[in-house]
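Here are a few short exercises to work through with the model open. Try each one yourself before reading its solution.

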Amino acid sequence: MTQVYPTFIFHVGNGAGHPFLVCVPDMEIQMEGDSFADAIEVARDAIGLAGISMEDKKEKLPLPSDVSVAIQKVHDSAAGIDLEKGILAFVDVDFSEYRKKAAGAAH
């Protein structure tokens with residue numbers, strides 16, 4: 001099953017160890033990345049891992065929010081971050097394929 005989650009990427013500074021902050025509000029994920037491309041990959045991996053973990057626990061995967069709800073969730077959870085400086089991206093994850101990929105990496 002493939003889902004596409006709204007993801008916010010913020011450039012928080014060139015002097016930072018990881019200058020990109022990644023927020024996936026529907027999965028309650030906040031991670032860091034080294035570049036914009038890395039931020040997308042970090043988001044995809046975090047969503048994939050969280051999703052297959054939820055499936056293993058027989059929990060229901062959250063459905064992607066519409067943009068206005070996602071913006072409100074980020075606003076509520078990321079105090080002090082200027083949302084105007086963020087970029088909204090949509091990150092797709094095929095959970096079935098991610099599970100196969102994760103199983104292959106374990107061997």
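**Exercise 1.** How many of the 10 residues of strand S1 (residues 2-11) are buried?

*Solution.* Some ground rules to begin with. Residues are numbered from 1 along each chain as its sequence is written, and side-chain values use heavy atoms, with hydrogens and water left out. This is a predicted model, so local features need pLDDT of at least 70 and side-chain atom pairs count only at pLDDT 80 or more, while totals for chains, interfaces and linings use all residues. Strands (E, at least two residues) and helices (H or I, at least four) are DSSP runs, numbered from the N terminus. Buried means under 20% relative accessible area, exposed over 50%, and partly exposed in between (1.4 Å probe, protein chains only). Now count along S1: seven of its 10 residues are buried, so the strand is mostly covered.

**Exercise 2.** Work out the order of the strands in the sheet.

*Solution.* Strands count as paired if DSSP finds at least two bridges between them.
- Start at S1, which pairs antiparallel with S4 (residues 86-94) over nine bridges; there, Phe-10 stands opposite Gly-86.
- S1 is also joined to S2 (residues 20-24) by four bridges, again antiparallel, with Ile-9 opposite Val-22.
- Step on from S2: five bridges link S2 and S3 in the antiparallel sense, and Phe-20 faces Gly-33 of S3.

Put together, the order is S3-S2-S1-S4, an open antiparallel sheet of four strands. S3 (29-33) and S4 are the edges, each pairing on one side only.

**Exercise 3.** Find the main nonpolar core and say which element gives the largest share.

*Solution.* A nonpolar core is a set of buried Ala, Val, Leu, Ile, Met, Phe, Trp, Tyr and Cys residues joined through side-chain atoms within 4.5 Å.
- The largest one has 20 residues, and Tyr-5, Val-24, Met-27 and Ile-47 have the most contacts inside it.
- S1, S2, H1, S4 and H3 each chip in at least two residues, but H1 gives the largest share, with seven.
- Zoom in on Ile-47: leaving out residues up to four places away in sequence, its contacts (heavy atoms within 4.5 Å) include Tyr-5, Val-24, Met-27 and Phe-95.
- Don't miss the second, separate core of six residues, among them Phe-10, Leu-21, Ala-70 and Val-74.

**Exercise 4.** Which helix has the highest confidence, and which the lowest?

*Solution.* pLDDT is the predictor's confidence in each residue, from 0 to 100. The chain averages 88, and 91% of the residues score at least 70. Confidence is highest in H1 (residues 36-56), at a mean of 95, and lowest in H3 (residues 95-106), at 85.
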